[in-house]
Amino acid sequence: MQNNNKKKVLLEINNNKFDLPIISGSTGPEVIDIRTLYKISNLFTFDPGFTSTASCESSITFIDGDKGKLLYRGFDIAELAIKSNFLEVCYLLLYGNLPKKDQLFDFTQRVTRHTMLHEQMIYFFRGFRRDAHPMAIICGVQGAMSSFYHDSLDINDPWQREVASIRMIAKLPTIVAYAYKYSTGQPFVYPNNSLDYAENFLHMCFSVPAEKYKSNPVLNKAMDRIFILHADHEQNASTSTVRLAGSSGANPFACIAAGIACLWGPAHGGANEACLDMLKEIGSIDRIPEFISRAKDKNDPFRLMGFGHRVYKNFDPRAKVMKESADEVLNLLGINNNKTLQVAKELEKIALEDDYFIEKKLYPNVDFYSGIILEAMGFPTSMFTPIFALARTVGWISHWIEMHSDPEKKIGRPRQLYTGSLEKKFINIKDR
Ligand code: CMC
């Protein structure tokens, strides 16, 4: 890492003065470089939740929380969502540039050649209970991939890293669709490589051998947009999990399984499912005030799911695009007036006008609208987070590759502020 910034911070501890360099990126807040802090001062820093800590250097994605901007490799996602498609965005995130026509063709060919799962993997699905949450299934099957592709496990070989990456981007839609089919009791539908990425995913989820599947271009586009908008989001909890798992040199397929596990939580990727469940629990417009006052009550752990974000403090740019998609899909399917949607629209209106939400800068986030679209498409709520995982796989992989390409990479090993007991004498069980 080169530092051309001459700025420093002066740290004074008990009359001892230390200079700590300040490093600038291409944009965003500058950082105080504390890598030598412990050595020079015998002190750690304390920042649970990483609210003020940059855990790494990265050139993949940038979020400007105040302006509500999200850039993938410098390109605004609002523009990518309209002008690009998911596989082109995957190329952009992985390789850093938009592909030329022949590069995109070649990349698409490579991805589509890997869409099938090893036939042996189907037995893993059958081992799960029929009512297993699909996140449990995809986490397990993704982890199991660690034992299938021995020719792409050398993390120090850039070619093998790339093969592992293409495999995961290609196979996740198949794994997620199979998890869904398994829950419905319908037969697994093999991928169809003549369809594009999003269309093939919908085909594997919704077609059955007994009938011809009719795809709808508006739904294909909406699905593709959901994938684009969820593809990456800099150092969020699951991406940081993948980096931390990968920093030990762990198996690439297992690292992505770790990311899937982290994404599952309701404060992260699980929010889209929790949001729809909440809208259904509210049930009718007249019950909204009750839930708004619960959200404000400090003694009630309830939060309005689909509202708020650690980084976006004015609006979530993904939510803006997603809202347009939601309108398109609902118009197409003629379900503008269903109860859940009415509750969603009214809740959005009230929360945007309410002082508590304005003061705390709590706006609807991407999950608020994506859940509405996915439900309209016919997905059960339990499939929302798996679809997020499918889309985020390319982001996780891009960060994992970036980390392994860094000559200064180190195993991630946070410190702690110990508050437990001091050394105690062991007492035999009979004397306790
Ligand atoms: N409903 C009601 N109050 C809220 C909410 C909410 N959804 N979110 C934050 N607050 C309040 C919170 O109680 C706190 O109040 P106070 O200052 O009085 O203690 C204040 O706002 C700040 O909250 P915080 O928990 O310190 O903020 P954070 O940046 O740590 O949390 C968040 C961000 C996304 C975890 C949180 O807003 C939340 O739990 N939202 C609901 C879950 C959700 O929709 N998550 C999806 C995020 S978008 C998808 C993704 O990128 O993963």
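**Ligand site, sheet and helices of a predicted model**

Me: How far does a polar side-chain atom of N365 lie from an oxygen atom of the ligand?
Reply: This is a predicted model, in which local features need pLDDT of at least 70 and side-chain atom pairs count only at pLDDT 80 or more, while totals for chains, interfaces and linings use all residues. Residues are numbered from 1 along each chain as its sequence is written, and side-chain values use heavy atoms, with hydrogens and water left out. A polar contact is a pair of N or O atoms within 3.5 Å; within protein, one must be able to donate a hydrogen and the other to accept it, and residues adjacent in sequence count only if both atoms are side-chain atoms. Between N365 and the ligand oxygen, the distance is 2.9 Å.

Me: What percentage of the accessible area that the ligand has on its own does the protein cover?
Reply: Accessible areas come from the Shrake-Rupley method with a 1.4 Å probe, and for residues only the protein chains shown count as cover. On its own, the ligand has 940 Å² of such area, and the part covered by the protein is 75%.

Me: Which side chain has an N or O atom 2.7 Å from an oxygen atom of the ligand?
Reply: The ligand is surrounded by 22 residues, the closest including K298, L304, G306 and K360; a residue is near a molecule or strand if one of its heavy atoms lies within 4 Å of it. Y356 places a polar side-chain atom 3.2 Å from a ligand nitrogen. The side chain with an atom at 2.7 Å from a ligand oxygen is that of H268.

Me: How many charged residues are in the shell around the ligand?
Reply: Ala, Val, Leu, Ile, Met, Phe, Trp, Tyr, Cys and Pro count as nonpolar, Asp, Glu, Lys and Arg as charged, and the others, Gly among them, as polar. The shell has 9 nonpolar and 6 polar residues, and its number of charged residues is 7.

Me: Why does C56 form no bond with the closest cysteine sulfur?
Reply: A disulfide is a pair of cysteine sulfur atoms within 2.5 Å, and a search of the whole structure finds 0 of them. C56 is itself partly exposed, at 28% relative accessible area; buried means under 20%, exposed over 50%, and partly exposed in between (1.4 Å probe, protein chains only). The bond is absent because the sulfur of C56 is too far from that of C255, at 15 Å.

Me: What is the order of the strands in the open sheet?
Reply: Helices (H or I, at least four residues) and strands (E, at least two) are DSSP runs numbered from the N terminus, and two strands pair if DSSP finds at least two bridges between them. Strand β4 (residues 61-64) is antiparallel to β5 over 4 bridges, and β5 is antiparallel to strand β6 (residues 75-76) over 2 bridges. β4 and β6 are edge strands with a single partner each, so one side of each has no neighbour in the sheet. The order of the 3 strands is β4-β5-β6.

Me: Which residue in β6 is the bridge partner of L71?
Reply: In strand β5 (residues 69-72), L70 and Y72 are buried on one face, whereas K69 and L71 point to the other and are not buried. Opposite L71 on the β4 side stands F62, and Y72 stands opposite F75 in β6. The partner of L71 in β6 is D76.

Me: Which residue in the turn between β5 and β6 has a positive phi?
Reply: The β4 and β5 hairpin has 4 residues between its strands, and G68 in its turn has a positive phi of about 65°. The β5 and β6 hairpin has 2 residues between its strands, and a positive phi of about 50° belongs to R73.

Me: Which residue caps the N-terminal end of α3?
Reply: Helix α3 (residues 86-95) has 9 of its 10 residues buried, among them F86, V89 and L93. G96, with a positive phi near 95°, follows the helix. At the N-terminal end, the backbone nitrogen of L87 lies 3.2 Å from a side-chain oxygen of the capping residue, N85.

Me: Is N14 buried or exposed?
Reply: N14 lies in the loop between β1 (8-13) and β2 (16-23). Its phi is positive, about 45°, although N14 is not a glycine. With a relative accessible area of 70%, N14 is exposed.
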